[in-house]
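Me: I am new to this structure and would like a close look at a single part of it, namely the cavities and what lines them. Please set that part in the context of the chain around it, going slowly and in connected prose.

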Amino acid sequence: MKKLIFTLAVAMMVFGSGNVFAQRSDRMAKAKAFAQQRFQKSDESLYEPVSANYADAEGNYQVTYSYDEYEYFLLEELTQERVNGNWVNYELVTYEYDWMGNPSTILTQEWENGAWVNESIQNCTYNDDGTPDELITQEWENGAWVNDEKENYTYSNNETRILYSGWSGVWNADNLVTITYSMDGYEIVEQYMQQGAWQNEARVLVSYNDDFNVATEIAQEWEDNSWANAMRMTYNYNNNGLVYTSIVYDVWMGDWGEMAKTEYAYDNNGNAKQGIAYLLINGEWMSGFSTEIIMPYAYNEKSKNFEASEVTVDYADIVLSTNEMTENNVFNLYPNPVTDMISVDGEGFEKAEIYNIAGQKVMESSNAQIDVKALQAGVYMVKVFGNGSSEMLRVVVK
């Protein structure tokens, strides 16, 4: 009985409000998503979700995704809740975009008394290279928008900093998230302001495998002037290494102990169509416990997160271009990894832009044979233009 009580106590830490990893602040979760985007490849088409169903401790929900007439931009995410067997409105998220195609305004509304009521709004500005510059979140209070939080992004060669400020009549910096990239992965450190100085609070260490997919994520807390392990996530992939079949959660109790997992089933296009969360109790895996389920699609290159015990998603083939694309629009890079010269293979090549893992453009070439000897060793993204569109490819410079 004592072992069962201990197991359930740890389970509450994993799945409840005290979860160090899955329930880590939205700031840390956003930083992880931001860092991971640096390694995403935009193919000629991606399988975008059109609907999702998920269950949590409170009930069943469904999300419907609506796109523009070209099926290019996501316009709305409508969440509905099942009540007495019927679906009723719950939440609506609406997106607007700037001239570069970046989401500039995100409006969230809740359904109250038969009408949509404003909840929050986010307004984001971007740099010329498309990286975020500033994001301001406002809350709807007494019929007006009131400042709540501001994010400011700064970039260096292998580092991104996100400064968070709260509103109390003026903006006051209260949190700093620093993302440091390397060839092996990245590190995220979250700090808070105390007596005019930044103090460590939490850290996530992300490592990659040989295919540059996430291998492990280790969450740590700052205790007694040093980093203390808290939670570890291990990603297990299928034989060809394209999609992860499960994520295993370990808790640190002097050593890593397996405690929870999420298992996935995929369709033929590499999209997770089902995710189920399990908890290990007395040596048996039991489902029905809600946690953050990451539903990857487009071969792990994009994802959406749900707080649920089980999620199922339906997808549609969305062409991510305003122009009709054919097989001749696909480009490849070789050799990869590369030490000196890299070639762009594909018809219709116009130019290529190379970005470092912090999102900064470091090189541009109109030649399909590009000399990269001047670049430092590391992971880079190559944006290839041709045939009225563009494609992002990843390359490793040794």
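Reply: A residue counts as exposed when its relative accessible area is over 50%, as buried when that area is under 20%, and as partly exposed in between. Asn84, with 76%, is therefore exposed, and the same scale will serve for the residues that follow. The model is a predicted one, and every value below is computed from it.

It helps to begin with the chain as a whole, within which the cavities sit. The protein chain has 398 residues, of which 45% count as buried, and its secondary structure consists of two helices and 28 strands. Among the contacts between residues at least 6 apart in sequence, 41% join residues at least 24 apart. The surface that the protein chain exposes comes to about 19,800 Å², with carbon and sulfur atoms supplying 45% of it.

Now to the part you asked about. Rolling a probe the size of a water molecule over the atoms shows where empty space is left. The structure holds two cavities of 30 Å³ or more, and the largest cavity contains about 40 Å³ of space. Its lining is made up of Val338, Ile342, Ile354, Val372, Leu375, Tyr380, Val382, Val395 and Val397, and the elements that give two or more residues to this lining are strand 27 (378-386) and strand 28 (389-397). Sorted by class, the lining of the largest cavity has nine nonpolar residues, with no polar and no charged ones.

The second largest cavity has a volume of about 30 Å³. Around the second largest cavity stand Pro49, Tyr65, Met295, Tyr297, Lys304, Phe306, Val313 and Tyr315, and two or more lining residues come from each of strand 19 (291-297), strand 20 (302-308) and strand 21 (310-319). By class, the lining of the second largest cavity has seven nonpolar residues, no polar ones and one charged one.

Elsewhere in the chain, a few residues are worth finding in the view. Trp87 lies in strand 4 (residues 86-97) and, at 28% relative accessibility, counts as partly exposed. Leaving out residues up to four places away in sequence, Trp87 touches Asn53, Asn60, Tyr61, Gln62, Gln80, Glu81 and Arg82; one of these, Asn60, is 27 residues from Trp87 along the chain, while their C-alpha atoms are separated by 9.3 Å. Asn84, described at the start as exposed, is placed in the loop between strand 3 (74-83) and strand 4.

Another tryptophan, Trp256, is found in strand 16 (residues 256-266). Setting aside neighbours within four places in sequence, Trp256 is in contact with Ile218, Asn229, Ala230, Met231, Arg232, Asp250 and Val251, and the C-alpha atoms of Trp256 and Met231, 25 residues apart along the chain, are separated by 8.3 Å. Thr160, in strand 9 (residues 159-167), is buried because its relative accessible area is 0%, and its side chain is joined to that of Tyr181 by a polar contact of 3.4 Å.

The backbone also deserves a careful look. Most residues other than glycine have a negative phi, and most peptide bonds are trans. Asn84, however, has a positive phi of about 55°, and Asn282 has a phi near 50°. Asn282 is placed in the loop between strand 17 (272-281) and strand 18 (284-287), and, at 42% relative accessibility, counts as partly exposed. The peptide bond from Tyr334 to Pro335 is cis, with omega near -10°, and Pro335 is found in the loop between strand 22 (332-334) and strand 23 (341-345).

Note on methods. Residues are numbered from 1 along each chain as its sequence is written. This is a predicted model: local features need pLDDT of at least 70, side-chain atom pairs count only at pLDDT 80 or more; totals for chains, interfaces and linings use all residues. Side-chain values use heavy atoms; hydrogens and water are left out. Helices (H or I, at least four residues) and strands (E, at least two) are DSSP runs, numbered from the N terminus. Buried means under 20% relative accessible area, exposed over 50%, partly exposed in between (1.4 Å probe, protein chains only). Contact means heavy atoms within 4.5 Å. A polar contact is a pair of N or O atoms within 3.5 Å; within protein, one must be able to donate a hydrogen and the other to accept it, and residues adjacent in sequence count only if both atoms are side-chain atoms. Accessible areas come from the Shrake-Rupley method with a 1.4 Å probe; for residues, only the protein chains shown count as cover. On a 1 Å grid over the protein atoms alone, a cavity is a set of points where a 1.4 Å probe fits but cannot get out, and a pocket is an open set with protein on both sides within 12 Å along at least five of seven lines; lining residues have an atom within 4 Å of a point. Grid points are joined across faces, edges and corners, and a volume is the space filled by probe spheres set on the points. Ala, Val, Leu, Ile, Met, Phe, Trp, Tyr, Cys and Pro count as nonpolar, Asp, Glu, Lys and Arg as charged, and the others, Gly among them, as polar.
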